[in-house]
Amino acid sequence: MTLFDSPDFEGHEGVHTFFDEKTGLKSIIAIHSTARGPAAGGCRMWDYSSSEAALTDALRLSRGMSYKNAMADLEFGGGKAVILGDSRSQKTPALFEAFGRAVDSLNGQYWTAEDVGVSPSDLESTRKTTRYVAGLEGHAAASGDPSPVTAEGVFRGVRLCVEKALQRDLKGVRVAIQGVGHVGAYLAEKLHAAGAVLIIADVNQTALQEVAAKTGATIVPTDAIFDVEADVFAPCALGGAISAATLPRLKVKVIAGGANNQLADAMIGQTVFDRGILYAPDYVINGGGIINVAAEIRALEAGGSFDGAWVATKLDRLAQTLGEVIDQSITEQRPANLVADEIARARIAAARG
Ligand code: NAD
């Protein structure tokens, strides 16, 4: 199979590979679209089983960022970088400086930030060799941890879905949260404050105890989260939570959470819809984090400071967009994930002209 035949290629504008002999850097930067503006998306460091697996990941993530940025109404296209290697043993400052040179060679077509396996301190090294990097701390434009903003967007999305599917507010609504890390923990606090009853699962016992102490949540074993009596399932851990194996076990009427790539495959979206479950497309409901990062890039470009009011306006707009997706899904009797994909593609095509 060649790159152009790959099912994940989907019209990428550019796929760039980088190798640096001195530091051992092997990196792929995939740019899906710059139609709406420079491509923005984080850098993932992962010990891929093959370079083909790394390429597939880069292509999927980069296309995902195009869609996410378009749905968050940001003037950014979509791109993503992957560094091939074990983030626990193969990180060096020189590697991330070499990565910065790779980013810089694209002359601002791509802005990087952190993702799985990459921390703000790694990006400090990247910053030495390129200015096209967001997610650093300690400067006026800095956006800080995006998780609270992501969680606020997800909270509003859950509330909206409950209103639309169950015609009620969050008081007494039972929400099962899978994963109470950064996003899940903030979400739990917000839902608790709104009167929701929480059931939580995580592989991290400390995180579970902390969230339970703050919110009165009931803790269940990780696999049992799919079987609990609940109105809402909120995936906030890793991708692929909704699969042919887990979906038949869910008793909920709404699936709305912060995790990326919640649907194990595109077909499962149809089954979710056929079961009468309202699904909030993941890359729409969790767009708060990229909105926060976008505010940093805007401030860096303008030489100004981080603008919290701009973020708040974009978050309001994001909730509106999610509502439009859900309404269209209900009116046209089609899965919300397909409706969202169509709107995202149309927004990108309109910008392309
Ligand atoms: P995190 O690593 O802080 O939290 C993930 C949590 O899931 C951890 O507590 C982990 O122990 C738990 N977990 C792992 N496997 C599990 C399992 N099988 N069952 C239950 N829990 C499990 O990550 P995060 O920043 O909170 O992100 C969570 C999800 O949201 C990810 O999919 C991420 O890509 C997505 N996301 C995050 C942001 C953000 O702003 N942080 C933005 C957009 C999307």
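Here is a short chat about the cavity and the ligand site in this predicted model.

Visitor: How many cavities of 30 Å³ or more turn up in the whole structure?

Guide: Just one cavity of that size is found, and the largest cavity holds about 50 Å³ of space.

Visitor: Why is Leu-315 called a lining residue of the largest cavity?

Guide: A lining residue has an atom within 4 Å of a cavity point. Leu-315 is on the list, along with others including Gly-153, Val-284 and Leu-322, so it has an atom inside that cut-off.

Visitor: Which helix gives the most to that lining?

Guide: Helix H10, with four residues.

Visitor: What makes the lining count as two polar residues, six nonpolar and one charged?

Guide: Gly counts as polar and Arg as charged. Gly-153, Gly-157 and Arg-156 are in the lining, so the glycines go under polar and the arginine under charged.

Visitor: On to the ligand. How do you know that an oxygen atom of the ligand makes a polar contact with Val-183?

Guide: The cut-off is 3.5 Å between N or O atoms. A ligand oxygen is 2.8 Å from a polar backbone atom of Val-183, so the pair qualifies.

Visitor: And what about Gly-181 and Asn-260?

Guide: For Gly-181 the distance to a polar backbone atom is 3.5 Å, so that pair sits right at the cut-off and still counts. With Asn-260 the partner is a side-chain N or O atom, 2.9 Å from a ligand oxygen. The protein covers 72% of the 820 Å² of accessible area the ligand has on its own.

Terms used:
Residues numbered from 1 in each chain as written. Predicted model: local features only at pLDDT ≥ 70, side-chain atom pairs only at ≥ 80, totals over all residues. Heavy atoms only, no water. 1 Å grid on protein atoms, 1.4 Å probe; cavity = no way out; pocket = protein on both sides within 12 Å on 5 of 7 lines; lining within 4 Å. Points joined across faces, edges and corners; volume = space filled by probe spheres on them. Helix = DSSP H or I, 4+ residues; strand = E, 2+ residues; numbered from the N terminus. Polar contact = N/O pair within 3.5 Å; in protein donor to acceptor, adjacent residues only side chain to side chain. Areas by Shrake-Rupley, 256 points an atom, 1.4 Å probe, with all protein chains shown as cover.
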